[in-house]
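Thanks for making time this morning. I would like to walk you through one model, taking the sheet, then the core, and then the surroundings of the ligand.

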Amino acid sequence: MSHFPADQCTACQCGGRCQRSRLNPAKPILIAGAGLVGSLLALMLSRRGFPVTIIEKRPDLRRAYEKDHRSINLALSHRGWKALTAVGLAEDIRRIALPMHGRMIHSVAGQQSLQSYGKEGEAIFSVSRNKLNELLLNKADEQPNVLIQFEHRLLDFNFDEPVCRIANPNGQEYTVRPEVIFGADGAFSFTRRRMQEKLMMTCDQTAITPRYKELTIPAGPEGEWLLDPTALHIWPRGSFMMIALPNQDRTFTCTLFMAAEGEISFEAIQNTSDLHQFFGRYFPNAVPLIPALETDFFRNPTSKIMTMQCFPWHYEDKVSLIGDAAHSIVPFYGQGMNSGFEDCMALLDLIGTTARPNWAEILPAFQRSRKENTDAIAELSLRNFTEMRDKVADPAFVLRKQIEAHIHRQHPDQWTPLYSLVSFSHTPYAEALRIGQQQDVIMNRIMGIEEIGTSWQHLDYAHILRSHVSPDLISAPQPVGQFA
Ligand SMILES: Cc1cc2nc3c(=O)[nH]c(=O)nc-3n(C[C@H](O)[C@H](O)[C@H](O)COP(=O)(O)OP(=O)(O)OC[C@H]3O[C@@H](n4cnc5c(N)ncnc54)[C@H](O)[C@@H]3O)c2cc1C
């Protein structure tokens, strides 16, 4: 039996005669969700020769997103690049990616100071979420063994066969009998909800206090950048902050992170007068850059962010979660998509080159290899919120980073700053977290040295490292790919 009933070929209305219907035999791998992770996974699996069906409840974004004029961007770093390189998309993405070499900190008085992210030449990259998803979908679509069904929603599945019940755009239901189901259906995953009903699954969802809202800085009158496009801009204000990432069209997407309720909060801004008073007080240098502030602020949604950690990720050899569906994290380390892409790499490594994967071994091994790492990046991401909104403006923090960079330059084989381990290496996140904790102990001691502000360049760091560093801290980062 074809998994794709003849009368359900809504993609091309062929009545089941099209090439795709023939090439997608019974028992495809079914992926729920054609977001960033689902489309990358489809591409990777299909290139290994597996028939793949993706069902996506939303319309095809390649046609739909032109209606939405907002540019939403993401920071792409080494882990993401590695996966995109593996599927031959790195050069295409490079053409649309803007390198950001550091954080540009904006004080209330409007002074700007740059804090580099890593060594010279190291950068994270601002990429349009829609363009990246579009490139992944186009590439997946080129594969003859991939079928992408937009506006098809996963309604339910029976775990044991498994059989999926799916609704097409007309609301008609049909069933598919896949070999295995991957729930790449995002932070509010339906697949996960179904697994919670079936299994003894723990699922901790921690909504954190800040909400976020996107605003736009347009290009200048001559089409020029209004801020330095080689940096990620931060307006740190203690309990809240605004950031801005550059877009290819010379605009910037700003994201304001702030409490939902309270004295300084989204709720406290009820009208244009509140809005101007708030921005004039906390972000005066940004006001002239955001001409549509009122429209953006009152029209754009205020959204929630949360950390979601669950266990187990799979049911026997039949169903597995991946990407945000398995681990959604707050966006402050810019690692949500990057870690989802790393999931895909880890899964493909476990599958290897076999044409008949043993899912009963692969799915538990995938969970084992990823769970402690995604828990670690969840923790690191929460901590980075405090760093971004508050500490980056603190002179003691700036000095600490300077000293760390100095130690790294002098002893690169013994000390790689935590940010670099996370963003510019493939060191497992759990190991990066552990190394970061050891580094904290040493840095706390260094920062406690009297007159450290004037003496730090003259300290004997070789001695400090010899006497304080446990042998396992001496861990060079894992080799990076072509984007080192
Ligand atoms: C404000 C913000 C900023 C961020 N910044 C960064 C960053 O700088 N760097 C970074 O790496 N990450 C960042 N992230 C995280 C990143 O967006 C996510 O990690 C990434 O999008 C996860 O991809 P995904 O494919 O797992 O899920 P999603 O992108 O959410 O895709 C899930 C897909 O599943 C579909 N779906 C859901 N239910 C069904 C169903 N029942 N049937 C069929 N389809 C279904 C949805 O329509 C959707 O298309 C940010 C997140 C936020 C909120």
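In this predicted model, six strands form an open sheet with mixed pairing, and their order across the sheet reads β8-β2-β1-β12-β19-β18. At the edges stand β8, residues 146-150, and β18, residues 314-315, and each has a single partner strand, so one side of each is left without a neighbour in the sheet. Elsewhere in the order, strand β1, residues 29-32, pairs with strand β12, residues 180-183, in the parallel sense and over four bridges, and there L30 stands opposite I181 in β12.

Let me turn to the core. The largest nonpolar core holds 106 residues, and those that touch the most other members are I31, L40, L41, A42, C254 and I322. Helix α11, residues 359-389, contributes the largest share of this core, with nine residues. If we look at L40 and leave aside residues up to four places away in sequence, L40 touches A83, V87, L136, F341 and C344.

Finally, which residues surround the ligand most closely? There are 32 residues around the ligand, and the closest are G33, G35, G186, G323 and G336. By class, this shell has 15 nonpolar, eleven polar and six charged residues. Several elements supply at least two residues each, among them α2 (36-47), β2 (52-56) and β9 (153-158), while α10 gives the most, with four residues. At the level of domains, the shell draws at least three residues from domain 1 and at least three from domain 2.

Terms used:
Residues are numbered from 1 along each chain as its sequence is written. This is a predicted model: local features need pLDDT of at least 70, side-chain atom pairs count only at pLDDT 80 or more; totals for chains, interfaces and linings use all residues. A residue is near a molecule or strand if its C-beta atom, placed from the backbone, lies within 6 Å of it. Ala, Val, Leu, Ile, Met, Phe, Trp, Tyr, Cys and Pro count as nonpolar, Asp, Glu, Lys and Arg as charged, and the others, Gly among them, as polar. Domain bounds come from an automatic or database domain assignment. A nonpolar core is a set of buried Ala, Val, Leu, Ile, Met, Phe, Trp, Tyr and Cys residues joined through C-beta atoms within 7 Å. A residue is buried if 20 or more other C-beta atoms lie within 10 Å of its own, exposed if 12 or fewer, and partly exposed in between; C-beta atoms are placed from the backbone. Two residues are in contact if their C-beta atoms, placed from the backbone, lie within 7 Å. Two strands pair if DSSP finds at least two bridges between them.
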